[in-house]
Amino acid sequence: MCRSIKTLRPPTTPEVTDEDIRAAALQYVRKVSGFRAPAAHNREVFDHAVDAVTAATQELLDHLQVRGSAPRQEVSPPR
């Protein structure tokens with residue numbers, strides 16, 4: 001698959017940012033589509049795919065249960 005996509009689940013990667021998830025989604029869509037940067041007529045569908053993969057990845061990471069570790073907690077912004 002994509003060698004540049006790193007594992008994003010704990011305990012392999014304890015701190016995962018939104019940017020990490022989006023970068024992985026972008027790499028995946030690039031690999032599957034075969035385009036590093038899509039032509040203008042494909043930009044909208046390419047960006048939509050990145051958004052969809054980003055959302056699916058976030059949902060996956062939020063709900064994975066890894067043996068021997070606590071479920072990932074959403075961090076609320078400071079008030």
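Aspartate 20 has a relative accessibility of 21%, so this residue counts as partly exposed; the boundary for buried is under 20%. I should say at once that the model on the screen is a predicted one.

The partner of aspartate 20 is lysine 6, and the two side chains meet in a salt bridge with an N to O distance of 3.9 Å. Lysine 6 lies in the segment before helix 1 whereas aspartate 20 lies in helix 1, so this pair ties together parts that are 14 residues apart in sequence. Lysine 6 is likewise partly exposed, its relative accessible area being 48%.

How many salt bridges does the structure hold? There are 3. Let me turn to another of them, which joins aspartate 51 and arginine 22, with the closest N and O atoms 2.8 Å apart. This pair links distant parts of the chain, since aspartate 51 belongs to helix 2 and arginine 22 to helix 1, with their positions 29 residues apart. Aspartate 51 is partly exposed at a relative accessible area of 41%, and arginine 22 is partly exposed at 36%.

A further salt bridge is formed by aspartate 47 and arginine 43, where the closest N and O atoms are 3.1 Å apart. Here both partners are in helix 2, and because they are 4 residues apart, about one helical turn separates them. Aspartate 47 has a relative accessible area of 29% and is partly exposed; arginine 43, with 36%, is partly exposed as well.

That brings me to helix 2 itself. Its 21 residues, at 1.5 Å a residue, should span 30 Å, and the C-alpha atoms at its ends are indeed 30 Å apart, so the expected and modelled values agree. For those checking the arithmetic, the expected span is 1.5 Å times one less than the number of residues.

Which residues of helix 2 are buried? They are Phe46, Val50, Thr54, Thr57 and Leu61. These residues cover an arc of only 75 degrees around the axis, and therefore they sit on the same side of helix 2. On the face turned away from that buried side, helix 2 carries the exposed residues Glu44, Val45, His48, Glu59 and His63. As for what covers the buried residues, helix 1, which comprises residues 18–33, is included in the cover.

Threonine 54 serves as an example from the buried set. This residue is found in helix 2, which runs over residues 43–63. Why does threonine 54 count as buried? Its relative accessibility is 16%, and the cut-off for buried is under 20%. Leaving aside neighbours within four places in sequence, threonine 54 is in contact with Ile21, Arg22 and Ala25. Arg22 in that list is the residue that forms the salt bridge with aspartate 51.

Finally, I would draw your attention to proline 11, which is placed in the segment before helix 1. Is this residue buried or exposed? Proline 11 is exposed, given its relative accessible area of 59%. Its C-alpha atom is separated by 9.4 Å from that of glycine 68, although the two residues are 57 positions apart along the chain.

To summarise, helix 2 has its buried residues on one side, with helix 1 among the elements that cover them. The aspartate 51 and arginine 22 pair links helix 2 with helix 1, and the lysine 6 and aspartate 20 pair ties the segment before helix 1 to helix 1.

Conventions:
Residues numbered from 1 in each chain as written. Predicted model: local features only at pLDDT ≥ 70, side-chain atom pairs only at ≥ 80, totals over all residues. Heavy atoms only, no water. Helix = DSSP H or I, 4+ residues; strand = E, 2+ residues; numbered from the N terminus. Buried < 20%, exposed > 50% of the residue type's maximum accessible area, 1.4 Å probe, protein only. Contact = heavy atoms within 4.5 Å. Arc of directions from axis to C-beta. Salt bridge = Lys/Arg side-chain N within 4 Å of Asp/Glu carboxyl O.
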